[in-house]
Amino acid sequence: MAKDLMQMLAADIVLGDGGMFLEANWRGYDVPEIIGTNPQALQQIHRDFHNAGSQVLQALTWFTSSAELEARYGWQDRVEEINRTAIEAAKAASGGSAPVGGCLVSTKTGSRAGAEIFDPANPASRARAQAEWEEQIAILIQSGADFLIPETFFRLDEVRVCLESCKKTNLPTMVLMGIGSEKTTEDGATAAECARVLAAEGADIVGTVCIGDPEQMLPTALDMRAEVDIPIACQPKGFPQRPDTEEVGYAASRFMESVPPGGMADFARKARAEGLNYIGGCCATGPAHIRAMAQALASKG
């Protein structure tokens, strides 16, 4: 049986996993297509992270809402199967011992044409986006997700709608904002404001994800740490956020200068010293990075 995430956070800093999306790309698989075509390969990626030291696994339920699956592959009728398979693959990778988070993404994050729903200028879009998330949330819960993760949201107004849907359940919710060195969301909220608002509206954990390397991301997470007393998470990329990253594309970013495992170990030590509670990685952080972070945390040095 999986451990309780909130109890784990109360006891010590928790190490999550790395960049599942890019790790799958680098091994030759499209996301989320891998879930429906090669779930054993997906399970192996989760297992590699768990064996490296990840105490928590995040299911690869990116772009697995009904609208996204239909826009990408014509798979609208497979939404239940795809989300269930993603949760089951993550659970099987640890033998059911590690808590598994079900990820929910912005209806604008990387969305294919026809899948974008939330429009801040259109109040009616709120209900449509919420219905999409709630359909997915119900499946994630039925499939055994231990907590929910609205992640890489670039707007506070949108993530508040997603959080509202998450809080209709009894599962803990970790909200991860896509805020890096630029320090504000697309709708002008600071990291501190995001933490304050989201904590007040029921988020159990708040933090930052992607958008930069540890040097770019840690200060933003610390702005959140200073604002609220709930657990704070930080999951940086394994390479800096630079204009040329977008030019070459994420799949080609493995050939760019990246943060070495030792750099992620240094981040783990700094994060613990600064009072962060949940750390991990995002794009370009692989099992080697997680292993270095686990060793750094185990040393207590």
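**Note on selected local features of the predicted model**

1. P32 is found in the loop that runs between α2 and α3. This is a predicted model, and in it the peptide bond from V31 to P32 is cis, with omega near 10°.

2. Helix α3 comprises residues 33-37, and G36 has its place there. G36 has a relative accessible area of 22%; since buried means under 20%, G36 counts as partly exposed. Leaving aside residues up to four places away in sequence, G36 touches W75, R78 and I82. A further pairing links G36 with T85: the two are 49 residues apart in sequence, yet their C-alpha atoms are 7.7 Å apart in space.

3. F63 is situated in the loop between β2 (57-58) and α5 (66-73). Although F63 is not a glycine, its phi is positive, at about 60°. With a relative accessible area of 5%, F63 is buried.

4. C210 occupies the loop between β6 (205-209) and α10 (214-225). C210, too, has a positive phi of about 60° without being a glycine. Its relative accessible area is 8%, so C210 is classed as buried.

5. Helix α13 covers residues 287-299. At 1.5 Å a residue, its 13 residues should span 18 Å, and the end C-alpha atoms are indeed 18 Å apart, so the expected and modelled values agree. The buried residues of α13 are P287, H289, I290, A292, M293, A296 and L297. These buried residues pack against two strands, β1 (14-15) and β8 (278-279), and against the helices α2 (20-26), α4 (39-52) and α12 (261-273).

Conventions. Residues are numbered from 1 along each chain as its sequence is written. This is a predicted model: local features need pLDDT of at least 70, side-chain atom pairs count only at pLDDT 80 or more; totals for chains, interfaces and linings use all residues. Side-chain values use heavy atoms; hydrogens and water are left out. Helices (H or I, at least four residues) and strands (E, at least two) are DSSP runs, numbered from the N terminus. Buried means under 20% relative accessible area, exposed over 50%, partly exposed in between (1.4 Å probe, protein chains only). Contact means heavy atoms within 4.5 Å. The expected span of a helix is 1.5 Å times one less than its number of residues.
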